[in-house]
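Readers new to a model often ask where its annotated positions lie and what surrounds them. Please look through the sequence and the structure below before reading on.

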Amino acid sequence: VTPGLSLPEKTLAMIKPDAVQSNYTSMIRQIIVSEGFHILEEKLAHLDDVAAKSFYKEHAERSFFPSLIRFMTSGPVYAMILEREGAIKKWRTLMGPTDSNKARVQAPDSIRAKFGIDGEKNSVHGSDSTEAAIREIATFFRDFQESNMDSSRRVHEE
Ligand code: RTP
Ligand code: MG
């Protein structure tokens, strides 16, 4: 490992329907940029039932799943591909704990503390692994190739 050389990483960030509806998109976007993330792609989208169920399929058996799907299809979302060193973990830290009320106690500077409503309507989503980031980026940005995910691989392929 070369000291000081850190590879950029990509993650999928999404502003959820509660925050888009409340016109928080540009404020959240500004925080993301000021925290050193580059926004490579961004778009407004409206998930239908099939897309929302597929996106959160890991939670299909949970009691909150039907409510989560109703919420996630209730209005437009704003999806972004973020890039920076350690993007996956750093974006989840900036989001804060899942429950917005817990976030206001444990991480008052986090986005969920500032913009979330409760344990479901929590303003933002972030991929939780490299595999999830690849899958979730492909959900919103079909043209974005998997080979672009890892810049070290890209360098070797060129
Ligand atoms: P996300 O996937 O949206 O980034 O959130 P997360 O990793 O922090 O939380 P996760 O456990 O993956 O839950 C996904 C989303 O489901 C809703 N949820 N509701 N009512 C509840 O108990 C409950 N628990 C989770 C939230 O919208 C959460 O972000
Ligand atoms: Mg999650």
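The report that follows treats the surroundings of the ligand, then the annotated positions, and then one helix.

This is a predicted model, and the description begins with ligand 1, which is surrounded by His59, Phe64, Leu68, Thr98, Gly119, Glu120, Asn122, His125, Gly126 and Asp128. Sorted by class, that shell has 2 nonpolar, 6 polar and 2 charged residues.

One residue of the shell, His125, is listed by UniProt, in an unreviewed entry, under "active site". His125 is placed in strand S4, which covers residues 124–126. Under "binding site", the unreviewed UniProt entry lists Lys16, Phe64, Arg92, Thr98, Arg112 and Asn122; of these, Phe64, Thr98 and Asn122 also appear among the residues around ligand 1.

The table sets out the surroundings of four residues, each with its C-beta neighbours within 10 Å.

| Residue | Place | Other C-beta atoms within 10 Å | Class |
|---|---|---|---|
| Lys16 | loop between S1 and helix H1 (17–21) | 24 | buried |
| Asp48 | loop between strand S2 (38–45) and helix H3 (49–55) | 11 | exposed |
| Phe64 | loop between H3 and helix H4 (65–72) | 12 | exposed |
| His125 | strand S4 (residues 124–126) | 20 | buried |

Why does His125 count as buried? His125 has 20 other C-beta atoms within 10 Å, and therefore counts as buried, because the class begins at 20 or more. Phe64, with 12 such neighbours, counts as exposed, since that class takes in residues with 12 or fewer.

Contacts link two of the annotated residues to each other. Leaving aside neighbours within four places in sequence, His125 is in contact with Ala13, Met14 and Lys16, while Lys16, under the corresponding exclusion of residues up to four places away, touches Met72, Val77, Asn122, Ser123, Val124 and His125. Met72 also figures in a separation across the chain, for its C-alpha atom and that of Asp48, 24 residues apart along the chain, are separated by 8.5 Å.

The last topic is helix H5, which runs over residues 87–95 and in which Ala87, Ile88, Trp91, Leu94 and Met95 are buried. Seen down the axis of H5, these buried residues fall within an arc of 135°, so they line one face of the helix. An α-helix has 3.6 residues a turn, so residues three or four places apart point the same way. The buried residues of H5 pack against strand S1 (8–15), strand S3 (77–85), helix H7 (111–115), S4 and helix H8 (130–140). After H5 comes Gly96, whose phi is positive, near 90°.

Definitions and conventions
Residues are numbered from 1 along each chain as its sequence is written. Chains are lettered from A and ligands numbered from 1 in the order in which they are written. This is a predicted model: local features need pLDDT of at least 70, side-chain atom pairs count only at pLDDT 80 or more; totals for chains, interfaces and linings use all residues. A residue is near a molecule or strand if its C-beta atom, placed from the backbone, lies within 6 Å of it. Ala, Val, Leu, Ile, Met, Phe, Trp, Tyr, Cys and Pro count as nonpolar, Asp, Glu, Lys and Arg as charged, and the others, Gly among them, as polar. Helices (H or I, at least four residues) and strands (E, at least two) are DSSP runs, numbered from the N terminus. UniProt positions are given in the numbering used here, feature names are shortened, and annotations may be inferred rather than shown by experiment. Two residues are in contact if their C-beta atoms, placed from the backbone, lie within 7 Å. The arc is that of the directions from the helix axis to the C-beta atoms.
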